[in-house]
Amino acid sequence: MLVHLATNMLRLPAVSRALAGAAHSKGSIATTNNVQTSARASSNMVEVFVDGKPVMVEPGTTVLQTCEKVGVQIPRFCYHDRLSVAGNCRMCLVEIEKAPKPVAACAMPVMKGWNILTNSEKTRKAREGVMEFLLSNHPLDCPICDQGGECDLQDQSMMFGADRSRFTEGKRAVEDKNIGPLIKTIMTRCIHCTRCVRFASEVAGVEDLGTTGRGNSMQIGTYVEKMFMSELSGNVIDLCPVGALTSKPYAFTARPWETRKTESIDVLDAVGSNIVVSTRGGEVMRILPRLNEDVNEEWISDKTRFSYDGLKRQRLIQPMVKDASGQLVATTWEDLCHLKTTDFRAIAGGMVDAEALVALKDLLNRLDSDTLCTEEIFPMAGAGTDLRSNYLLNSRITGIEECDLMLLVGTNPRYEAPLFNARVRKSWLHNELQVAMVGHKVDLSYSYNHLGETTQVLQEIAAGTHPFCKVLAQAKKPVVVVGSSALQREDGAAIFKAVSTIAQNSRASSGVEEGWKVLNVLHRVASQVAALDLGYKPGVDAIRKNPPKVLFLLGADADCITRADLPKDSFIVYQGHHGDVGAVMADVILPGAAYTEKNGTYVNTEGRAQKTRVAVTAPGMAREDWKILRAISELAGVTLPYDTVDEVRRRLEEVSPNLVRYDDVEESNYFKQAHELSKAVNQSLLAAPLVPPQLTVKDFYMTDPISRASQTMAKCVKAATEGAAAVDEPSIC
Amino acid sequence: MAAAAVVRGIGSNLSKNLREVRLHLCQISAASQGPRDFIEQHYVTLKTANPEFPILIRECSGVQPVLWARYGFGKEHSVSLDNMNADQVAKALESVVNAKP
C-alpha cells in the first residue's frame, strides 16, 4: 500500500543496537516488540494504548512511532524517519481519547495512559479533510506523471480520502524550476511537505532548497536559478511523495508495475550500496536504493543511480581478434579455440567480481605464474595484505556513528565514497563528531579542522609534536581513515606507516576497549578488497619490472600499463564489458558481463561480502567472466575444477572463507603485529602535498568505464562546469 | 619454546617450495586458540625473515582452523589445525615448508 513508507525503521538508537545482532543487518523491518521483557522492571517506560492495546514505550517516543511499534501505520507525507520532524502536512492527525483536538502523531510525544484511536470517526474525518485540501490544488496529472503507481498521494487518497469531490474553484499553478540534468521538477504537483528541503539541509549538507512565499503562493525551490549540486541529489526523487521531483533520465520510460525488481549491489565505488535494479524487457529502466542500515541506509549516490544508461553504450558484445592489418575484427567463441597460450600475467581492474578473480588466479597458478596484479596500489611493505585489518575500513560504516574524533588523511570522502561521507555528516550533525583532515582542502558537507596538506603535518602528528596530538590523545573513540588515493603515491608505504603509528598512539592514549578499531582504509574500487583477500599483488610494479609477452587484462581500464611499458611484440588479451582504455590496446577482446548481468560477489571497503544478481542477460555474445576463464583453462590444458557458481563459491571459501559470509563483516585483528612490521619500513615521505584525485563535483561523475559511457553523467559534468542552462534538454512537459 | 625454534629453523626458506601460505582461523573459538597464539607470537618473526612471501591470514567466525599451502602449478595441500597449540601449528607449518609438491 504505502510503498515508500514500508521501510520505516524505528529511530530509537537503543532499538537499532539491540537488533544489530539479528536480521537487522539484512535490513528487515523492525516491528517486533522487544520492550515487553522487562516492562515493569524498567521504571522509565511509559504505558500507552493504541486502539485499546497496551504498549510500553520509552518516554519521548512520538505517537506515530508508538503506533508503528504495534504495527499500525499512520498515513503521513512530511514525516520521514531519517529527517527532522516538520509536522506541516497534517495527514498524521489522530484522535487521542478525551483530548479536545486531534494531535499530529509525528510530532507529539506520548504521555502516560493515552489511548490513541487510529481509526475513530474524528481521525477518519481529519484524514479526509486533509486529503481534500491537498488535492484541491493538485493538478490532474496522474496519466502523465511518473510517480503514478508508486505515489503516496494516490495510495493515501484511495485508503483515507473521501470518495467524492466538492471542488469547483480554480487550481493554482507554479513554474517549473531547473535544478539540474538529473531531477525533473514539476512544482505544480508539489504539496509542500518540505522533505526535499530538510534532506538537502540535513543529509546532503547543501542548503540550496528552501521555501519562498506563504500560503497559496508558497513555492519550493532554489529561489535563484541554481543547480542542486550535490552527489546525493537523486535521493530527493525517492523522498518526494508526489510527482513534483522525478528522475529526468527515467521520465516517461516505464511504470512501476511493469518492472521487475532485482536486488543487487552497486559496484561503482567501494561502499557496496544495496540497490534494486528495475528492469523491463531485458533492459535496465532505473536503479533504486535498498534499505541497509549498516551500509547505505536508504540513500545512493547520483553516480550509482543514474549511470545505468552507460550499460547500454560502448558494450563489447562479440569476441574480437586483431587481424593482420591491425584492425579488430569480430569473431565467434568457437574461433578462439586456436588461441593457446601458457605464459601470461594478469591485471585485474576495479569492477571484477570475486568469482572471476579466483578463476583467473587458479588459472595462472596452474600455469606456474604468480604475477596477478590489481591496478590499485597498496603498500606491500610490512605486513602488506597478509592481515586483513591492514586494508579494511575496520571501524565499519556504523562505527562512525559511535566515534568522537575522526582524522581523514589524503582523501575526499565526499566524492570517493559519498555514502560514507553521508554517515560522517550524520554523526557530525547528531553525535558531535569532530573531524580533522590532512590533505588538500576540499568542501566536505560538514565543517572540519583542516590541519594542512603536506606530509610534514602527517609526520609531526605521528611523532607527537603537532598540536593536534593533544586533541587526538583526549579522544575517547578515535578513528583514522586513510584514503587509498594517498597510498597510490611512491611514498605510500611511508604514509601508511605514519598513519599506522598515529592510529596505534591514539588507541593507546584513548584507553578504549579492545574491540574498537582505529585504523581504516577507504578504498575507491569495488574489487580491490576481494582481490587482496584472494592474494593478488596490489599495483602493477611486478609487471612493469618484468614485462611479459602475453598480458591478460581483466576489466583493467585505469590506464596503468600501456603498450609502451611492454615489449614490442607483446600480446594483450582484454576481458571486460565496455570498450574503454583496455579494449583499445588489446589484440583479443573477450566480452564479459557488467554487474547487473552476473551473479558476482563483491567485497566492500569494510570487508562485507555482498552478491549481485542477474537482472538482465548480457548483450550479444557476452558471458559471465568466470565462465570465460573456465573455458580458457580448458584450452590451456589446465581445466579448472568447477562448473557452477556454487562450486566457484566453494573454491572462494577455500581461499578466504569470509568471501562467502554474505552481508556480514568479519572482525580482523593483529593490529599490533601489523604495526610492528610497519615500523621496520624504511621509506621517507615525499614533500609533495596529499591531494586526492577528485576535488570538485565535476570529478565525481565519470570515474569508471560504465559512468564514462553514460550520457547522463556527461550531462552532469557539463552542467557542473557550465551551469544547468548549458545542458540541452528536450522540452517536454 | 618449541614454536620459536621451529620458526627460526624455517628462517627465510618459506619460498623454497611454497608459493603461498593461507591460515584460516576463527577469531574466538577454542579450537583456533593455537593458531591465534602462533600468529600473535611468531608471525612478525616469520614475516621479517620472509618479507616478500604471502602469508595470508584470513579470520572468519566459526571456521575450522586450517593451514593451506600452495605449491607450484596450483597444487594445494591443507592441514587441519583443529585444537592444536602454537607449537603444533609451527610443526605443521614446518612440514608443509619441507614437503615436496
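**A chat about chains A and B**

Reader: Before anything else, how many residue pairs are in polar contact between chain A and chain B?

Author: There are 27 residue pairs in polar contact between chain A and chain B, with both residues at pLDDT 80 or more; a polar contact is a pair of N or O atoms within 3.5 Å, where within protein one must be able to donate a hydrogen and the other to accept it, and residues adjacent in sequence count only if both atoms are side-chain atoms. This is a predicted model, in which local features need pLDDT of at least 70, side-chain atom pairs count only at pLDDT 80 or more, and totals for chains, interfaces and linings use all residues. Residues are numbered from 1 along each chain as its sequence is written, chains are lettered from A and ligands numbered from 1 in the order in which they are written, and side-chain values use heavy atoms, with hydrogens and water left out.

Reader: Which helices of chain A supply at least two residues each to the side that touches chain B?

Author: Helix H8 (354-366), helix H15 (528-534), helix H19 (645-655) and helix H20 (671-679) of chain A each do so, where helices (H or I, at least four residues) and strands (E, at least two) are DSSP runs numbered from the N terminus. The largest share, four residues, comes from H19(A).

Reader: And what kinds of residues make up that side of chain A?

Author: They divide into nine nonpolar, nine polar and 14 charged, counting Ala, Val, Leu, Ile, Met, Phe, Trp, Tyr, Cys and Pro as nonpolar, Asp, Glu, Lys and Arg as charged, and the others, Gly among them, as polar.

Reader: How many salt bridges are there between the two chains?

Author: The count between chain A and chain B is six, a salt bridge being a side-chain nitrogen of Lys or Arg within 4 Å of a carboxyl oxygen of Asp or Glu. A:Asp386 and B:Lys47 form a salt bridge through their side chains, at 2.8 Å from N to O.

Reader: Changing topic, what is the strand order in the open sheet of chain A?

Author: Its eight strands run in the order S14-S13-S25-S24-S23-S15-S16-S22, with mixed pairing; two strands pair if DSSP finds at least two bridges between them.

Reader: Why is one side of S14 and of S22 left without a neighbour?

Author: Strand S14 (328-330) and strand S22 (537-538) of chain A stand at the edges, each with a single partner strand, so one side of each has no neighbour in the sheet.

Reader: How do S15 and S23 run, parallel or antiparallel?

Author: Strand S15 (residues 344-348) and strand S23 (residues 550-554) of chain A run parallel and are joined by five bridges; A:Phe344 has A:Val550 as its bridge partner in S23(A).
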